Structures are given as structure tokens and as C-alpha cells.
Amino acid sequence: MNLRFTVDGVPTTVVIAAGESLMDVLRRIGKTSVKNGCDRGDCGSCAVLVDGRAVNACLVFAGQVDGTAVGTAEGLAHDGELHPLQSAAVEGGAVQCGFCTPGMLMLAVDLLSRNPEPDEAEVRSALSGSFCRCTGYVKPIEAILAAAGTLLERRS
Amino acid sequence: MSVVNVSGFIRPIDIATAFVAVQQGSIPVSGGTDVILHEPPAPVSLVDLTVLPLSGISESGDGFSIGATTTLSEMLEHPRLAAHADGVIADMLRLVGSPLLRNRATIGGHLARGRLSDVIPVLLSLDATINWYDGSPRAGPLADFYASQTHRTPLIVTGITIPPMHRPAAAAFRKFSRTHFDLAILNCACRIDIADDGSVAAARVVVGETPALAASVTDAEVLLHGRPLDPAAISSAATIAAAEIPARDDDRATAEYRRAIAAVLVRRCLAEIAGRLP
Ligand SMILES: Cc1cc2nc3c(=O)[nH]c(=O)nc-3n(C[C@H](O)[C@H](O)[C@H](O)COP(=O)(O)OP(=O)(O)OC[C@H]3O[C@@H](n4cnc5c(N)ncnc54)[C@H](O)[C@@H]3O)c2cc1C
Ligand code: FES
Ligand code: FES
């Protein structure tokens, strides 16, 4: 069957199998920032945005996202300039092996779109279900809070 | 997790079309978070229910009506629903999986699945009714829907209704699990309505993951009825719950362990309720 959707703003048509997961389809078309950590909804490394909400791409049938806008970490940078969440992650030491980073970025985009000024507790609860085996979470949390500050400054 | 044994993907034009497909053996899919984890033994088609107009939350004198394809996050983010019944629905939803899961999982898919649930005990304790379609629109108490095994017959869940609370009343929920992300080893939801004379006018003591599907502990509810919700009543209800739940061993806990936990969770829920009541 055909799947028509936009991926990182680009209208895309792909032939998919009816039972294929969104994660497998995205990786197949080259969006390998979408990581397969567990393939069962436990780790969050496959998180992408579907119409603005972060979901586990491994738990979504690709056929169901027909007509939606899907966002991956690969769509965050513009004209060679990193998104504030990406810069904050790099500058704040929130990336070690980096396997969890794309998923966490998408969670953070969803969080900040609904709650531009989260406190630490809100960032922590947003990150639950997103596993990082390297950083111990402190640096990613600090990076998201720092990026929230940058985004607010830019808006004002 | 891609599912191999899928032969077709149906986008139904209306609920009647969707139901016919389900009747013929196709699998209804809402969020798909559960369907996608199970490989069917033989090729089947999927019916995407999210294309039907079944999403949304509205409030009227009858309480909250929640469409089947409403996500758990949408429920959590609805300020009035989240505040309902002392915030018990919101407290519980925050313990269901992760935000990523809740952004996708729907209330209809959750209730149709009818197992491994933190949501069902709370909805049972609030006397929710469920709406479904099996050729005609139907509605009935959620408790009956499971007790009569209706949820195992071909149907499409269309929504739920959570009735208003008749104050003074209070509700509480407890989940016992390794981490809150894990499925519960046992969970408990209680609701108490108080009469003018200060005695209990209605009691709900629901225990889930016994590991059978959540159900009322009727003897505990009868015991609480018509007397004040004092420490003696709470303690007796907890003892009855421990004895009466249909506890069994499984890979998460033994029956004996579950009975011990049941007494604690029932006591904690009822004590929290007693503390909230005037
Ligand atoms: C990683 C993970 C963690 C989880 N943690 C928890 C937890 O802590 N607590 C908890 O309670 N649950 C937990 N769950 C279960 C989760 O809540 C359910 O998977 C989810 O609610 C199902 O909703 P869905 O819309 O995705 O259902 P689907 O996967 O779409 O469907 C579920 C079942 O219902 C059928 N169905 C779907 N919609 C309908 C309908 N409208 N009418 C009739 N049948 C229908 C499907 O055929 C299927 O059998 C967890 C699940 C995962 C994957
Ligand atoms: S790969 Fe999807 S949650 Fe782990
Ligand atoms: S940086 Fe390695 S898993 Fe998070």
C-alpha cells in the first residue's frame, strides 16, 4: 500500500507493508536518527513527532499516519544552524554515545511546544520512558531547561 | 514492531463498515500500541478506527463523555476531567506507561483490550458506562461489560461516560509495581459517597491485577455501607479484600503476596479518602 505523509516538511510517498511500523518505514527511507532500541515501547529511542505529538514510532502502524506531518531529529537544524535544543545538548555535555539523543530531542520539542517554561520536575516526568544508559539524565535535563530559556529569549 | 501477518489495511468510511470488517475477522486498531506487539497466527486485515469521528471530550449534566479514540494524554490534559473526582483519573493516568505511550494509546483501545490495566479499576470505581457498536449502538455499565464477557465478542467501543460525583464523596487510586512504568503487581481504586448523617451511602472497592481483570470486592463494599468511614471500618474492609480477591500466582507475584498487598492498598486508598472527606 501507499503511504503519503510529510517527513520533516518534505511531502513523501512510500510503498509500505500493511503491518509495518512507522519506525521501520522511517529507517528504511533513510531517517536512521530514529533508533531501534527495543522495538516494544520501552526505551523511547524511536520517538518522533506525529502532528506535533511525540510517540514511540515502533508502536505505531505506518499506515495510520497517512496524511500527517512526521518530524524527526533530522528536521531540527535549519540552514546549517542547530536547533537550540541541539546546541544546548552539545554545549551542555548531554550527548555521550548519542543513541538516546534523537528521541529525547523529539520529546523535548513536544514538551516545549505545550509548556515553554517547564520546571525541572516537568522535564523529568516528560523524559520518563526515554532511557539513557550513559549520561545519568542530569545533563539532558539541564540542556532542555537551558534550551527552553534560549527559545523564550528569542521569542521576546 | 512490524507485524508480518497483515494482509490488508482498511480505512472504514463509517462505523457500520468498520464493524462488518471486524465481524469478518479483521482486527480493529486505535492507537495500535497493543496490536502492533502481537503477531497474528494467520494473515488478517487491520481496520483503522482513528479515521472515524470518535475522538473528543465533552461535559454535560451526565458527566464526561469521552470518545473511544481520545488519547490518554488528551484525557490528562483536559483540565476539568483531570480535576474530576479529587484528580484520581489524572493521578492514575500519570502512572500509565510513559508520556510517549499516552500520546498514542487511546481509551477505547485500552478498554477493549480488557486486561493489564490501571485505567479499568478507576473507571469501575467511578461507575463509568461504556458505549459500543455491534450493529446497533449500545451502552451499559462498564462492570457488566466485563462481567458478561461482552468485551470478547466482535464489537467497536465508541466511548465512555464518567458520571458526576455526588458530594460529599472522594476517590483514591494506588498502583503497586516495580517502577511506575512497569505493569502493576496489584492496583486498587476506591470511591466513597457520604450520606447526610455522615455514614457511607455508596462504596466502591475495586482491586485489579489479581491478576484477573479488576472487579469490585463486594463484601468489603457491603461492610462499609451505612456506617461511618472510621479506622475500624477501613481495617475490616482491608482484611475482607485480602481474603476475597481472586488472587493467583503469575510471573509478577504469588497469590499470597497479592493478598498482603491488597490489604495495604485498600487501607491506603480508604484512609486517603477519609482524610479528604469533611
Ligand atoms: C511500553 C508499554 C507500557 C505500558 N504500561 C502500562 C501501564 O503502566 N498501565 C496500563 O494500564 N497499561 C499500560 N500499557 C498498556 C496500554 O495502556 C495499552 O497498550 C493501550 O492503552 C492500548 O490502547 P491502543 O489505543 O493503543 O489500543 P490498540 O492497540 O489499538 O488496541 C488494543 C486492543 O483493542 C482492540 N481495539 C482497539 N480499539 C478498539 C475499539 N474502539 N473497539 C473494539 N476493539 C478495539 C484491538 O484489536 C486490540 O485487541 C502499556 C503498554 C506498553 C506498550
Ligand atoms: S525502539 Fe521504540 S521505544 Fe524502544
Ligand atoms: S547518551 Fe548514550 S544512551 Fe544516552
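This report describes the domains, the interfaces, the ligand site and some local backbone features of a predicted model.

## Basis of the model

Residues are numbered from 1 along each chain as its sequence is written, and chains are lettered from A and ligands numbered from 1 in the order in which they are written. Because the model is predicted, local features need pLDDT of at least 70 and side-chain atom pairs count only at pLDDT 80 or more, while totals for chains, interfaces and linings use all residues; side-chain values use heavy atoms, with hydrogens and water left out.

## Domains of the two chains

Chain A is divided into domain 1 (2-75) and domain 2 (84-155); domain bounds here come from an automatic or database domain assignment. The C-alpha centres of these two domains of chain A lie 21 Å apart.

For chain B the assignment gives domain 1 (3-49), domain 2 (57-162) and domain 3 (169-276). The C-alpha centres of domain 1 of chain B and domain 3 of chain B are separated by 36 Å.

## Between the domains of chain A

Domain 1 of chain A and domain 2 of chain A bury about 1200 Å² between them. Buried area is the accessible area (1.4 Å probe) that two parts lose on being put together, summed over both. Carbon and sulfur atoms account for 63% of the area buried between these domains.

The rule finds 1 salt bridge across this domain interface, a salt bridge being a side-chain nitrogen of Lys or Arg within 4 Å of a carboxyl oxygen of Asp or Glu. A:D110 and A:R53 meet through their side chains in a salt bridge, at 3.3 Å from N to O. There are also 4 residue pairs in polar contact across the interface of the two domains, both residues at pLDDT 80 or more. A polar contact is a pair of N or O atoms within 3.5 Å; within protein, one must be able to donate a hydrogen and the other to accept it, and residues adjacent in sequence count only if both atoms are side-chain atoms.

On the side of domain 1 of chain A that touches domain 2 of chain A, strand 3 (47-50) and strand 4 (53-56) of chain A each supply at least two residues. Helices (H or I, at least four residues) and strands (E, at least two) are DSSP runs, numbered from the N terminus. Strand 3 of chain A gives the most to that side, with 3 residues. The residues of that side divide into 6 nonpolar, 8 polar and 3 charged. Ala, Val, Leu, Ile, Met, Phe, Trp, Tyr, Cys and Pro count as nonpolar, Asp, Glu, Lys and Arg as charged, and the others, Gly among them, as polar.

## Between chain B and chain A

In the interface of the two chains, 28 residues of chain B are in contact with 31 residues of chain A, where contact means heavy atoms within 4.5 Å. The two chains bury about 2300 Å² between them, 59% of it on carbon and sulfur atoms. B:M1, B:L100 and B:R104 supply 27% of the area that chain B buries against chain A, more than any other three residues.

The rule finds 2 salt bridges across the interface of chain B and chain A. One of them joins the side chains of B:E77 and A:R53, at 2.9 Å from N to O. This pair runs from A:R53 in strand 4 of chain A to B:E77 in the loop between helix 2 (72-76) and helix 3 of chain B. A:R53 thus appears in salt bridges with A:D110 and with B:E77. Over all chains, the count comes to 26 salt bridges.

Between chain B and chain A there are 15 residue pairs in polar contact, both residues at pLDDT 80 or more. Strand 1 (6-10), strand 3 (44-48) and helix 4 (99-102) of chain B are the elements that give two or more residues to the side of chain B that touches chain A. That side of chain B holds 13 nonpolar, 11 polar and 4 charged residues.

## Ligand 1

Ligand 1 lies between chains A and B. Of the 35 residues around ligand 1, those that come nearest are B:P28, B:S30, B:T33, B:T106 and B:D118; a residue is counted here if one of its heavy atoms lies within 4 Å of the ligand.

A polar side-chain atom of B:S30 lies 2.7 Å from a nitrogen atom of ligand 1. Backbone atoms take part as well: a polar backbone atom of B:G31 is 2.8 Å from an oxygen atom of ligand 1, and a backbone N or O atom of B:V157 lies 2.8 Å from a nitrogen atom of ligand 1.

## Backbone features of chain B

Most residues other than glycine have a negative phi, and most peptide bonds are trans. B:D86, in helix 3 (residues 79-93) of chain B, has a positive phi near 60 degrees. A cis peptide bond joins B:T210 and B:P211, with omega about 10 degrees. B:P211 lies in the loop between strand 11 (200-208) and strand 12 (215-216) of chain B.
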